[in-house]
Amino acid sequence: MKKVISSKMGFFSLAVVLLWLKTYLIYLFEFNLDIQNALQQFLLFFNPLSSAAIFLGLGLFAKGRKVGLWIILIDSLMSFLVYANVVFYRFNTDFITLPTLTQTDNFGSIGGSVASLVAWHDLFYAVDIIVLIALFIWSRKNWSTDRMQIRRPMTVLAAGVIAFTVNLGLAEIDRPQLLERTFDRNYIVKYLGSYNFAIYDAVQTMRSSTQRVLADSSDLTEVENYTKNKYAEPNPELFGVGEGKNIIKIHLESFQSFLIDYKLHGEEVTPFLNSLVHDQSKDFTYFDNFFHQTEQGKTADAELILDNSLYGLPQGAAFVTKGNNTYQALPAILKQQQDYTSAVLHGDNKSFWNRDEIYKELGIDKFFDSSYYDMSEEKVINYGLKDKPFFEESMPLLESLDQPFYAHMMTLTHHHPYKIDPEDATIEPAETGDPSVDRYFQTARYLDESLEQFFKDLKESGLYEDSIIMIYGDHYGISENHNRAMKQITGEEITDYKSAQLQRVPFMIKIPGVDGKGTVHEYSGQIDVMPTLLHLMGINAQNYIQFGTDMFSKGHKEFVPFRNGDFITPEYSLIEGTYYDTKTGEKLEPTKQMKEMRDRVGHELELSDDVLYGDLLRFYTPTEDWKPVDASKYIYGKDANKNK
């Protein structure tokens, strides 16, 4: 036995087994892959084998004792990849893709989040590498300095390919067209493994990068037909009621709707927002079945969706990977149709999510980034400027804008890991034992208080009465990795169905001169905001490529697609491959209607992807007087008081 282990093939075999078992244990304990049957459990165990055999087998082609070095190096790289996914998954409940790795400008701002995601037991994920290094040092003197006969490594690679073929065949039995139709990375990892997912992702990324080159105007025909067919006529009572009014869009970072009316320790967590929902004299309309539809781009996806009525990409963030595309965004439309000034106000670095570049493509006139604010140490926490000084210092910036204006204000304090200074905390944390969840309510209260003061300042400035004020949540704040704590918060087991229900985020709007409609129960999502605003401004949304429909229209389409192909309607929902009664959570046998809706959602997502991957809007002219946005005319920074 000692002789076998100390040989090159023995060393290789041990490396394969250790990497295989480590990866399987990570799948079991770090990822929530929703294993539903014995075949899926077997594939979860089996799928790391082919990757370990193929990649580590490449080391066998090295000469002499370099075999051991190459195996250790490859093993270390594969271990780093799977561990990086562990850390990424703990916050995002998702897997790293190549496009996310291009977002390096963001890394410096997320150090605090990453540090909070590393656990002491992670050291065990390096034990196999330590064992291999020790064994190599001990046994290498017995190894031949000659290169191994070629048939051995070739046999190993062939065995790895056969194992992968068997793996894929079994996966196709349980999930037909796995690689052709999936929108969900969880499926790929569950059936084929994280290493094979990395290869799949690389192929998909390369394919998408060629789509723009190969695209032409004919590719837009199906997209245009689909969006024109989905279009909903505006509510005649509301069409144009907002024309000439300022628009103030307030972005609530990581804010989920369950916070509305939630009480902790007997106190309302968000008393001010609750008052906007329930006090009819404030004339807000609140949509309580409004869902975020973001994916890996999170906040950037929310911005993209709301200002373009296009879905985010299945991998990475379009703000980064498609930052030079042609867009026909809300700021540019308002500028050209009604001479609006547009601005984004955000107390963070201007390059985060590539904003300083893509905002130019969206036609945003001014970008008030962190350089416009007092970023003193006592005013900054976590990702950037605290919300209270942000709103306070934003008032003179708002007042400086030419009216009418479209202003997008982005909060920051209520962001994972929900850090808050003791003097800013006015409610005690929750007591689940999960620090992120416990602090979530403290930062939500802080955000609520900052909004209350901002509304007072708006009224004193005279802007309040003459502005459409829109408040929305961008994405979830508490991921599925915190289900144990959330069970204590909600009093319910967090099933797949319940998790989907928790993807509700607030959407509320006040329109000057229009009575608020109270709480509206229709189902809608971020994709529907742009056509809604256009119609309020008296601009026909039908002229533009948009996948949402007016939320105030009688013809509004009440189905909400999620980026992974799941969806929710008022009657039924598709969540992780299972159909549910939306109201009761009871599992349903799929009907023809449900399957048709599944196919429609998949088709809609594919068409939106086609627009972004192919940069198809460069071929589209929405109106006779439309002028494509010229990004070179926009410059941002304190010294840029006006466009070139």
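Which residues do ring pairs link into a cluster? In this predicted model, the cluster brings together Tyr27, Phe31, Tyr89, Phe95, Phe197 and Tyr200. The legends below walk through this and other close-ups.

**Figure 1. Aromatic rings come together in pairs and in a cluster.** The count of aromatic pairs comes to 41. Phe11 and Phe136 make one of them, a tilted pair with 6.2 Å from centre to centre and 55° between the planes. This pair ties distant parts of the chain together, since Phe11 sits in helix H2 and Phe136 in helix H7, 125 residues apart. Both Phe11 and Phe136 are buried. For another geometry, look at Phe352 and Trp353, an edge-to-face pair with 5.9 Å between centres and 80° between planes. Phe352 is buried, and Trp353 is too. The cluster of Tyr27, Phe31, Tyr89, Phe95, Phe197 and Tyr200 is held in the view as well, with ring pairs as its links.

**Figure 2. Helix H2 packs against helix H7.** The axes of H2 (residues 8–30) and H7 (residues 127–139) come within 10 Å and cross at roughly 170°. Angles over 145 degrees count as roughly antiparallel, so H2 is roughly antiparallel to H7. From H2, the contact takes in Phe11, Leu14, Ala15, Leu18, Leu19 and Lys22, and from H7 it takes in Asp128, Ile129, Val131, Leu132, Leu135 and Phe136. Sorted by class, this contact has 10 nonpolar, no polar and two charged residues. Phe11 and Phe136 may be familiar from the first legend, where they form the tilted pair.

**Figure 3. Helix H13 meets helix H19 at an angle of about 60°.** Here the axes of H13 (residues 271–278) and H19 (residues 435–461) are 7 Å apart. That angle makes H13 oblique to H19. Pro271, Phe272, Leu273 and Leu276 of H13 make the contact with Arg445, Asp448, Leu451, Glu452 and Phe455 of H19. By class, there are six nonpolar, no polar and three charged residues in the contact of H13 with H19.

**Figure 4. Eight strands form an open sheet with mixed pairing.** Their order is S6-S5-S9-S1-S10-S11-S4-S12. At the edges are strand S6 (366–368) and strand S12 (518–525), each of which pairs on one side only. On average, neighbouring strands of this sheet are turned by 15° against each other, direction ignored. Helix H13 packs on the sheet, where it touches S1, S4 (284–291), S10 (467–473), S11 (507–510) and S12, and its direction makes about 65° with that of S11. S5 and S9 run parallel and are joined by six bridges. To pick out one residue pair, find Leu345, whose bridge partner in S9 is Met409. Helix H18 (residues 387–400) lies across S1, S5, S6 and S9, and runs at about 165° to S9.

**Figure 5. Helix H16 has buried residues, and Asp339 follows the helix.** The buried residues of H16 (residues 330–338) are Leu330, Pro331, Ala332, Ile333, Leu334 and Gln338. They pack against strands S1 (246–252), S5 (341–346) and S9 (405–410), and against helices H14 (299–308), H17 (355–362) and H22 (529–536). Asp339 lies in the loop between H16 and S5. Its phi is near 60°, a positive value in a residue other than glycine. Asp339 is exposed, with a relative accessible area of 55%.

**Figure 6. Loops on either side of strand S9 hold cis peptide bonds before prolines.** Gln403 and Pro404 are joined by a cis peptide bond with omega of about 0°. Pro404 is found in the loop between H18 and S9. From His416 to Pro417 the peptide bond is also cis, with omega near 5°. Pro417 lies in the loop between S9 and H19. Tyr418 lies in the loop between S9 and H19 too. Is Tyr418 buried or exposed? Tyr418 is buried, with a relative accessible area of 1%. Its phi is near 60°, a positive value in a residue other than glycine.

**Figure 7. Five strands form an open, antiparallel sheet.** The strand order is S13-S14-S15-S16-S17. S13 (560–561) and S17 (587–588) stand at the edges with a single partner strand each, so one side of each is left without a neighbour in the sheet. Further in, S14 (residues 567–568) and S15 (residues 572–575) pair in the antiparallel sense over two bridges. Phe567 has Leu574 as its bridge partner in S15.

Terms used
Residues are numbered from 1 along each chain as its sequence is written. This is a predicted model: local features need pLDDT of at least 70, side-chain atom pairs count only at pLDDT 80 or more; totals for chains, interfaces and linings use all residues. Side-chain values use heavy atoms; hydrogens and water are left out. Two strands pair if DSSP finds at least two bridges between them. Helices (H or I, at least four residues) and strands (E, at least two) are DSSP runs, numbered from the N terminus. Axes are lines fitted to C-alpha atoms, for helices over the stretch in contact, and angles run from 0 to 180 degrees between N-to-C directions. Angles under 35 degrees count as roughly parallel, over 145 as roughly antiparallel, 65 to 115 as roughly perpendicular and the rest as oblique. Contact means heavy atoms within 4.5 Å. Ala, Val, Leu, Ile, Met, Phe, Trp, Tyr, Cys and Pro count as nonpolar, Asp, Glu, Lys and Arg as charged, and the others, Gly among them, as polar. Rings of Phe, Tyr and Trp (its six-membered ring) pair if their centres lie within 6.5 Å; planes under 30 degrees apart count as stacked, over 60 as edge-to-face and the rest as tilted. Buried means under 20% relative accessible area, exposed over 50%, partly exposed in between (1.4 Å probe, protein chains only).
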